[in-house]
Amino acid sequence: MATAPWRGCMTACTARSASPRTIARPARPGAATSAAKKELVSKILQAQRPGFEMTARRVVEQPAIQMLQQASQVIQPRLPAEKREPTFRELQADARKYVDDTFPQVRDQTIALSVSTVGPLLEQRMTESELRQVLAVYESAAFRKYQGLAGDMEKALMEQLAQQARPTV
């Protein structure tokens with residue numbers, strides 16, 4: 001499972017923006033947000049959509065992974081060797097079906113919630129200028145290329161980590 005490529009950027013950006021000098025003052029309650037600011041937030045949310053979708057996928061896959069791990073622990077000592085593999089394959093197929101059936105609903109909920117949760121935070125805590133800068137990062141060719149490498153980067157890291165951590169784990 002790939003990690004969200006935006007997670008690192010968002011974590012770094014969040015960490016940098018957490019200092020009191022750089023946080024934009026929250027809008028007054030009831031203060032209107034400009035149409036331009038709303039449009040920038042909308043574009044940023046759209047650019048973040050792949051990350052939101054990965055979050056939704058993790059939410060759906062995590063229970064399935066846990067169930068398969070627990071089932072493996074139960075199957076191993078209780079079933080004869082010749083029945084373990086077929087039983088586990090059936091459970092994997094059921095887990096895959098669960099993920100395939102559930103993911104679209106959770107993805108859609110995640111996208112909708114991003115508009116009502118992340119959107120207002122961006123509108124309140126960032127200026128139009130800051131939003132333009134964030135959007136410029138998402139729209140840059142270099143960042144898109146970087147995001148496209150996320151799967152390869154994770155794979156390379158995981159392969160090396162598996163080799164080096166094997167004796168420890």
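**Helix packing in an all-helix model**

Let me begin with helix α5, residues 128-139, and helix α6, residues 141-148, which pack with their axes 5 Å apart and at an angle of about 55 degrees. Because the angle has that value, α5 is oblique to α6. On the α5 side the contact is made by V137, Y138 and E139, and on the α6 side by A141, F143, R144 and Q147. If we sort the residues of this contact by class, we find 4 nonpolar, 2 charged and 1 polar.

I should say at once that what you have in front of you is a predicted model. Its mean pLDDT is 84, and 81% of the residues reach 70 or more. The stretch I would ask you to read with care is residues 1-30, where the pLDDT is below 50, although in the model this stretch has 40 contacts beyond near neighbours in sequence.

Now to the protein as a whole, which has 7 helices and 0 strands, so that, as helices are counted here, the order from the N terminus is simply α-α-α-α-α-α-α. The chain has 169 residues, and 24% of them count as buried. The accessible surface comes to about 11900 Å², and carbon and sulfur atoms hold 57% of that area. As for how the chain meets itself, among the contacts with a separation of 6 or more, 84% join residues that lie 24 or more positions apart.

One pair illustrates such a separation in sequence. A36 sits in helix α2, and its C-alpha atom is separated by 7.7 Å from that of E128, although the two residues are 92 apart along the chain. Is A36 buried, partly exposed or exposed? Its relative accessibility is 39%, and therefore A36 counts as partly exposed, since that class lies between the 20% limit for buried and the 50% limit for exposed.

Helix α2 also brings me to my second packed pair. Helix α2, residues 35-47, packs against helix α3, residues 49-78, at an angle of about 50 degrees, and here the axes are 4 Å apart. This angle, again, is why α2 is described as oblique to α3. Which residues make the contact? From α2 they are L45, Q46 and A47, and from α3 they are R49, P50 and F52. By class, the contact of α2 with α3 has 4 nonpolar residues, 1 polar residue and 1 charged residue.

To close, the two pairs I have shown you are α5 with α6, at about 55 degrees, and α2 with α3, at about 50 degrees.

Definitions and conventions:
Residues are numbered from 1 along each chain as its sequence is written. This is a predicted model: local features need pLDDT of at least 70, side-chain atom pairs count only at pLDDT 80 or more; totals for chains, interfaces and linings use all residues. Side-chain values use heavy atoms; hydrogens and water are left out. Buried means under 20% relative accessible area, exposed over 50%, partly exposed in between (1.4 Å probe, protein chains only). Contact means heavy atoms within 4.5 Å. Accessible areas come from the Shrake-Rupley method with a 1.4 Å probe; for residues, only the protein chains shown count as cover. Axes are lines fitted to C-alpha atoms, for helices over the stretch in contact, and angles run from 0 to 180 degrees between N-to-C directions. Angles under 35 degrees count as roughly parallel, over 145 as roughly antiparallel, 65 to 115 as roughly perpendicular and the rest as oblique. Ala, Val, Leu, Ile, Met, Phe, Trp, Tyr, Cys and Pro count as nonpolar, Asp, Glu, Lys and Arg as charged, and the others, Gly among them, as polar. pLDDT is the predictor's confidence in each residue, from 0 to 100.
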